[in-house]
Amino acid sequence: MANITSANVANAICKLVAVDALPALMGNLVMGNLVNRDYEPTLAQAGDTVNVPIPPVLVANNLAEGGTVQTQNPNLGNAQIILNTHAEATFQIPDVTKVLAVPDLLRLYMQPAVIALAEKIEGDLLALSSQFTANAPVGAAGVAVTESVVDAAETALFRAKIPASVPKHLIVDADTYSQLRQIPRFSEYRTAGEAGLRALVDGTVGKMKDFYIFRSQFVNKTGSAPATTHNVAFAKDAIGLVVRRLPQPIPGTGAIAEYAELGNFGIRVMMSYQPNTLAQQFTVDVLYGCGILRNNFGVQVLS
């Protein structure tokens, strides 16, 4: 039987942390799980530009008897997204062997770091809402969202020719979510059936006007009281989140890194020793950029 060396133990610890980190991160994302995620396990640096192709639009031609086909020369669309965010969360563990013996203790250390990364990604994605300019915003600043406002948002996305099979989402803040679940027609069993009962008893709106509705604490707000809340209605291809691998640390520098990758998402977990505190330092980081892919696939819902 091969001896377990200190190097093997160090790599095992780093892998254990990486395996625990990514599922927890994905569980704390709302927008990050709904947008178009572009991930490749290729190394990149902060500031690199990624070209995300967008399918062209073609038209159908009626081929008459004896006629010829009409060749089209579509232009492949392109969205340039800059990898301009290197988000990290770092923590230290004084006695790493104790963590190995008690897995729940590892999750206790990991949770704050994972939540910090998720909040950063959510905030950046929701900040893009003001860039949806192809469709006129619906609703008004400081005014409660009504059924007609939600209906207008869905109508705008229908006119944008979003395929019926593509799910549409509405992300709102806490106040707007509260307003939605108090709309009488959607919050009572006699008018909305089981959905109304869930809104009344469980407090969940679920689906309304073909939107899957979620609430987030990071919906963008601008201006002074009354602030303008920039809720956003969109389909998946409206926003792109591009994630790329960060490089391994230089060998021999005392740092070890492992990658955790799942569902078009990847993070790096790095472990190093800090002699000043006699503790193992862990850094969970991710390199990403986000931007608008299809401007007409999103609309602002103001409140």
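What percentage of the 303 residues of the chain count as buried? In this predicted model, the proportion of buried residues is 42%. The surface that the chain exposes amounts to about 16100 Å², of which carbon and sulfur atoms supply 54%. The chain contains 15 strands together with 6 helices, and among its contacts with a separation of 6 or more, 77% are accounted for by residues 24 or more positions apart.

Strand β14, which spans residues 279–292, has 13 of its 14 residues buried, with buried taken as under 20% relative accessible area, and this strand is therefore largely enclosed by the rest of the structure.

The pairing of β14 involves several other strands. Strand β4 (residues 85–93) pairs with β14 in the antiparallel sense over 9 bridges, and at one position of this pairing Ile-93 stands opposite Gln-280 of β14. An antiparallel pairing is also formed between β14 and strand β11 (residues 239–245), in this case over 6 bridges, with Leu-241 standing opposite Cys-290 of β14.

Strand β13, comprising residues 266–274, likewise runs antiparallel to β14, to which it is joined by 7 bridges; within β14, Gln-281 is the bridge partner of Ser-272. Strands β13 and β14 form a hairpin with 4 residues between the strands, and in this hairpin Leu-278 adopts a positive phi near 55°.

Note on methods
Residues are numbered from 1 along each chain as its sequence is written. This is a predicted model: local features need pLDDT of at least 70, side-chain atom pairs count only at pLDDT 80 or more; totals for chains, interfaces and linings use all residues. Side-chain values use heavy atoms; hydrogens and water are left out. Buried means under 20% relative accessible area, exposed over 50%, partly exposed in between (1.4 Å probe, protein chains only). Helices (H or I, at least four residues) and strands (E, at least two) are DSSP runs, numbered from the N terminus. Two strands pair if DSSP finds at least two bridges between them. Contact means heavy atoms within 4.5 Å. Accessible areas come from the Shrake-Rupley method with a 1.4 Å probe; for residues, only the protein chains shown count as cover.
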